[in-house]
2 protein chains.
Amino acid sequence: MIITRMSHNECIDLISKARIARLACSSGDQPYVVPVYYSYADGHAYSFTMPGQKLNWMRRNPRVCLQVDEATDSGWRSVVATGRFEELPDRIGHKRERDRAWQLLSQHANWWEPGALRPEPQTLADHSPHVFYRLLIEEVSGRAARKDT
Amino acid sequence: MIITRMSHNECIDLISKARIARLACSSGDQPYVVPVYYSYADGHAYSFTMPGQKLNWMRRNPRVCLQVDEATDSGWRSVVATGRFEELPDRIGHKRERDRAWQLLSQHANWWEPGALRPEPQTLADHSPHVFYRLLIEEVSGRAARKDT
């Protein structure tokens, strides 16, 4: 197995293509990681969540880490990005970002699959408690592995 | 999509079956998450790593979070576990745990694939700088999603 570093552009390209990431946040010395669905545009990963531990923790400490990977024909690629949580509250002044988040996320039929739903039947009604947010991507690094043939 | 909570046993069962997890650690207020290969036995996830950021951070702050998921016929299952890093140093007194880690990890042909290698060609020779460790699994929670048919 040969491991190479991915360029900045290759990292952003993988983040742009992927829909599922693992999002890590932390509270005190305890890290926490969950799968999230997202859509990338203009240096930000847009997503949404139900109220809960992840949201509470990111509101208190906006520093996050996002990990995205894919299997390739001959191995795998993985990108780790550090970033910063930014809530997109339902208030005047954030309509444009919320609409953008909704537009990006709704392009995919299965956008609601992982991470966003609590363990009860839910519908994403107009007055649902879902919170839109985005993650400013600050630093990226990536590794690609391919079989040594 | 119907989301249900997984029982403790279901969570441990999924952790036992899986080989790839996402491991989050943190330093100060910065979380970090990477894919790792592991093997589970007796309440611990056994793994190894090259020296680097993940190892440095876990040595300073042993609190970690492990996330494992799988696609199912009708949806997905995801488990999050909090735990504690324990290094298995190459010293008298740890031979049994190191041998166990090696035995568990070497049962799979592709155990070296993700996370363990730095971006240079490497071989796992007797005197390689790989560090064996295990994660004591403390608390688990899981969610299963299936299509609402």
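# A guided tour of the predicted model

Among contacts in chain A between residues at least 6 apart in sequence, 73% join residues at least 24 apart, where two residues are in contact if their C-beta atoms, placed from the backbone, lie within 7 Å. This is a predicted model, in which local features need pLDDT of at least 70 and side-chain atom pairs count only at pLDDT 80 or more, while totals for chains, interfaces and linings use all residues. Residues are numbered from 1 along each chain as its sequence is written, and chains are lettered from A and ligands numbered from 1 in the order in which they are written.

**Chain A as a whole.** Select chain A and colour it by pLDDT, the predictor's confidence in each residue, from 0 to 100; the mean for this chain is 84, and 85% of its residues reach 70 or more. Residues 115–126 of chain A keep a pLDDT under 50 throughout, and the model has 25 contacts beyond four places in sequence for them. For the model, the scores are ipTM 0.86 and pTM 0.86.

Switch to a cartoon view, in which chain A has 3 helices and 8 strands, these being DSSP runs numbered from the N terminus (H or I, at least four residues, for helices; E, at least two, for strands). Along the sequence their pattern is β-α-β-β-β-β-α-β-β-α-β. Of the 149 residues in chain A, 40% are buried; a residue is buried if 20 or more other C-beta atoms lie within 10 Å of its own, exposed if 12 or fewer, and partly exposed in between, with C-beta atoms placed from the backbone.

**Ile2(A).** Go next to Ile2(A), which is in strand β1 (residues 2–6) of chain A and is partly exposed, with 16 other C-beta atoms within 10 Å. Add Lys147(A) to the selection: it is 145 residues from Ile2(A) in sequence, yet the two are 6.2 Å apart in space, C-alpha to C-alpha.

**Helix α2 of chain A.** Select residues 53–60 of chain A, which form helix α2, and pick out Lys54(A), Trp57(A) and Met58(A), which are buried. Seen down the axis of α2(A), its buried residues fall within an arc of 95° (taken from the directions from the helix axis to the C-beta atoms), so they line one face of the helix. They pack against β2 (20–27), β3 (30–37), β5 (44–49), β6 (63–72) and β7 (75–87) of chain A.

**Thr82(A).** Within strand β7 of chain A, select Thr82(A), which counts as buried because it has 20 C-beta neighbours inside 10 Å. Not counting residues up to four places away in sequence, Thr82(A) touches Cys65(A), Glu138(A), Glu139(A) and Gln30(B).

**The nonpolar core.** Select Ala24(A) and Ala24(B), which touch the most other members of the 70 residues in the largest nonpolar core, meaning a set of buried Ala, Val, Leu, Ile, Met, Phe, Trp, Tyr and Cys residues joined through C-beta atoms within 7 Å. Beyond four places in sequence, residues touched by Ala24(A) include Val64(A) and Cys65(A) in chain A, and Ala24(B), Pro31(B), Tyr32(B) and Val33(B) in chain B.

**Strands of chain B.** Finish with β2 (residues 20–27) and β6 (residues 63–72) of chain B, which pair in the antiparallel sense over 3 bridges, pairing being called where DSSP finds at least two bridges between strands. Here Leu23(B) has Leu66(B) in β6(B) as its bridge partner. Strand β6(B) also runs antiparallel to β7 (residues 75–87) of chain B, joined by 10 bridges, and these two form a hairpin with 2 residues between them. Across it, Asp69(B) stands opposite Ser78(B) in β7(B).
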